[in-house]
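User: Hi! I would like to understand the wording used for this model. Could you walk me through it?

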Number of protein chains: 2
Amino acid sequence: MIDEPAFEDLTARARIRDAALRLFAERGMQAATIRDIAARAGVSLGLVRHHFGSKEELRDACDEYALAQGMRIKNEALSAGMMGSGIPKPGFLPEVHPTLVLLMQYFARSISDGSAAAEAMFEQFVAVTEAWVAQQFPGEFDDPKAVAVLITAMQMGPMLLHQQVSAALGVELLSRAGHIRSSKAFIDIYAQPWLSKDSAEAAKAAYDQLEKGETP
Amino acid sequence: MIDEPAFEDLTARARIRDAALRLFAERGMQAATIRDIAARAGVSLGLVRHHFGSKEELRDACDEYALAQGMRIKNEALSAGMMGSGIPKPGFLPEVHPTLVLLMQYFARSISDGSAAAEAMFEQFVAVTEAWVAQQFPGEFDDPKAVAVLITAMQMGPMLLHQQVSAALGVELLSRAGHIRSSKAFIDIYAQPWLSKDSAEAAKAAYDQLEKGETP
DNA sequence: GGACACGCTATACGGGTGTACAGTCAGCAA
DNA sequence: TTGCTGACTGTACACCCGTATAGCGTGTCC
């Protein structure tokens with residue numbers, strides 16, 4: 001986890017990287033200045049350059065670290081059975097809370113900037129979902145790739161909108177209370193078929209016709 | 001729509017506002033400079049300040065305009081029956097495509113910056129979804145507010161991840177082909193109950209127990 | 001003990017940014 | 001004509017940013 005060992009115990013290089021990750025996530029790649037990063041890390045301006053060369057290289061280091069941390073948490077979640085039934089295992093999320101919030105904020109920034117790291121992270125998440133869909137619902141869908149991509153994007157929605165969702169619910173989404181409340185709602189959402197088989201067939205037929213025809 | 005009437009026919013003030021909206025969406029609030037905005041609008045640097053006072057006030061004007069445009073499109077979608085059955089009406093999205101992509105990019109930027117406009121837009125979307133849930137599934141959920149908030153966030157996921165989704169699918173999401181392909185997948189997703197009633201009951205019971213007990 | 005490597009600091013420089021302001025020009029009322 | 005208003009321009013300024021570089025202190029190897 002990022003915030004252990006204690007901040008003061010980290011090497012200066014690690015402190016700079018962590019401070020950069022936090023400031024990039026909070027303010028964006030452009031607005032976060034090297035001077036602020038150095039100040040938060042408790043080092044001089046020159047040391048940042050000494051260790052990372054340039055702001056761009058510092059950003060690359062943060063990307064790499066965030067990607068590795070994200071994949072580590074995802075794997076822990078998988079081995080903890082978090083996604084076995086399609087819903088989080090009770091109690092898992094609150095444990096990783098601080099790191100996860102930070103990574104999601106950083107990830108949301110990267111998405112706005114269209115970084116390669118964001119795209120790589122998304123594609124790896126899609127691969128996991130695709131394998132899960134193929135195993136859980138084999139032969140069920142005409143276009144399993146598109147289903148996996150869209151499910152992944154939909155699952156990320158509440159995370160990316162973490163701030164707005166928390167405000168609308170009146171409770172911090174990744175706190176214990178928020179986690180329980182949202183998980184219960186997720187169960188209801190996942191258990192509910194939102195479209196009847198008849199409606200689905202009719203809608204699909206309409207799109208088939210649209211696909212053959214001209215631009216409306 | 002933003003790109004009609006023709007760009008050249010707009011007043012200088014409107015041209016500046018449109019150019020700012022585009023550059024803010026493309027590069028972010030910080031990276032987009034007043035000089036670039038003035039250049040794209042075809043006016044001098046001073047005129048931007050003359051009309052809007054400061055960069056912050058220009059940003060506020062863009063927020064207000066984007067919010068109004070987003071609500072206008074949403075209302076058109078509603079009146080066009082786009083959300084009547086929970087799925088987009090064939091042919092609607094491609095029509096509003098250019099404006100919608102622009103607004104979504106701008107909105108994604110605003111979300112990263114945690115602007116008041118982004119929060120307002122999200123809350124208004126939640127209100128619409130909440131009314132729809134109450135009408136379509138009355139008394140179905142224990143926590144309809146949370147269900148509405150999370151559904152709204154999930155529906156926004158693919159839009160916010162528009163760039164990554166398009167890359168993963170190999171087709172521009174809001175093009176005609178991408179719209180048809182994703183809509184078909186959405187139909188499958190919405191028609192599929194992802195959790196059996198039994199599993200849902202078991203999971204809910206687990207969370208109820210977690211709620212009563214101590215921190216795990 | 002001398003030389004070297006490395007972590008680290010302090011200071012300076014060029015460039016780009018938001019802001020401020022004086023001034024030009026067209027349209028219009030008296 | 002005269003005077004005034006408002007859209008619009010060009011330039012100057014103070015500031016902050018990323019980058020560059022010279023130098024300091026400390027441990028370590030031969």
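Analyst: Happy to! Let's begin with a term: a residue is called buried if its relative accessible area is under 20%. By that rule, 51% of the 216 residues of chain A count as buried. Please keep in mind that this is a predicted model.

User: What makes up the secondary structure of chain A?

Analyst: Chain A has 10 helices and zero strands. Read along the sequence, the pattern is α-α-α-α-α-α-α-α-α-α. As for contacts in chain A between residues at least 6 apart in sequence, 60% join residues at least 24 apart.

User: How do you know that chain A and chain B are in contact, and how many residues take part?

Analyst: Contact requires heavy atoms within 4.5 Å, and 73 residues of chain A meet that cut-off with 73 residues of chain B. Together the two chains bury about 7200 Å², with 70% of this area on carbon and sulfur atoms. On the chain A side, A:M154, A:W194 and A:Y207 supply 12% of the area buried against chain B, more than any other three residues.

User: Now to the DNA. Which residues are closest to DNA strand C?

Analyst: A residue is near a strand if one of its heavy atoms lies within 4 Å of it. For DNA strand C, 16 residues surround the strand, the closest being A:S44, B:T33, B:R35, B:R49 and B:K55. Of the strand C atoms that come within 4 Å of the protein, 56% belong to sugar and phosphate. The nearby surface divides into six nonpolar, six polar and four charged residues, and α3(A) gives the most to this surface, with four residues.

User: What makes the approach of A:H51 to DNA strand C a polar contact?

Analyst: The cut-off is a pair of N or O atoms within 3.5 Å. A polar side-chain atom of A:H51 lies 3.2 Å from a phosphate oxygen of DNA strand C, so the pair qualifies. The backbone takes part as well: a polar backbone atom of B:I34 is 3.2 Å from a phosphate oxygen of this strand.

User: Which atoms of DNA strand D do A:R35 and A:I34 approach?

Analyst: For A:R35, the partner is a base nitrogen, 2.7 Å from a polar side-chain atom. A:I34 instead places a backbone N or O atom 3.0 Å from a phosphate oxygen of DNA strand D. From chain B, a polar side-chain atom of B:H51 lies 3.0 Å from a phosphate oxygen of DNA strand D. Since the limit is 3.5 Å, these pairs count as polar contacts.

User: What else surrounds DNA strand D?

Analyst: There are 17 residues around DNA strand D, and A:R35, A:R49, A:K55, B:S44 and B:H50 come nearest. Sugar and phosphate make up 59% of the strand D atoms within 4 Å of the protein. The largest share of the nearby surface, five residues, comes from α3(B).

User: Why are the buried residues of α2(B) said to be on the same side?

Analyst: The residues in question are B:I37, B:A38 and B:A41, which are buried. They cover an arc of only 100° around the axis, which puts them on the same side of α2(B). In general, an α-helix has 3.6 residues a turn, so residues three or four places apart point the same way. On the other side of α2(B), B:R35 and B:A39 are exposed, that is, over 50% in relative accessible area.

User: What follows α2(B)?

Analyst: Next comes B:G42, with a positive phi near 75°.

Key
Residues numbered from 1 in each chain as written. Chains lettered and ligands numbered in written order. Predicted model: local features only at pLDDT ≥ 70, side-chain atom pairs only at ≥ 80, totals over all residues. Heavy atoms only, no water. Polar contact = N/O pair within 3.5 Å; in protein donor to acceptor, adjacent residues only side chain to side chain. Helix = DSSP H or I, 4+ residues; strand = E, 2+ residues; numbered from the N terminus. Nonpolar A, V, L, I, M, F, W, Y, C, P; charged D, E, K, R; others polar. Buried < 20%, exposed > 50% of the residue type's maximum accessible area, 1.4 Å probe, protein only. Arc of directions from axis to C-beta. Buried area = accessible area lost by both parts, 1.4 Å probe.
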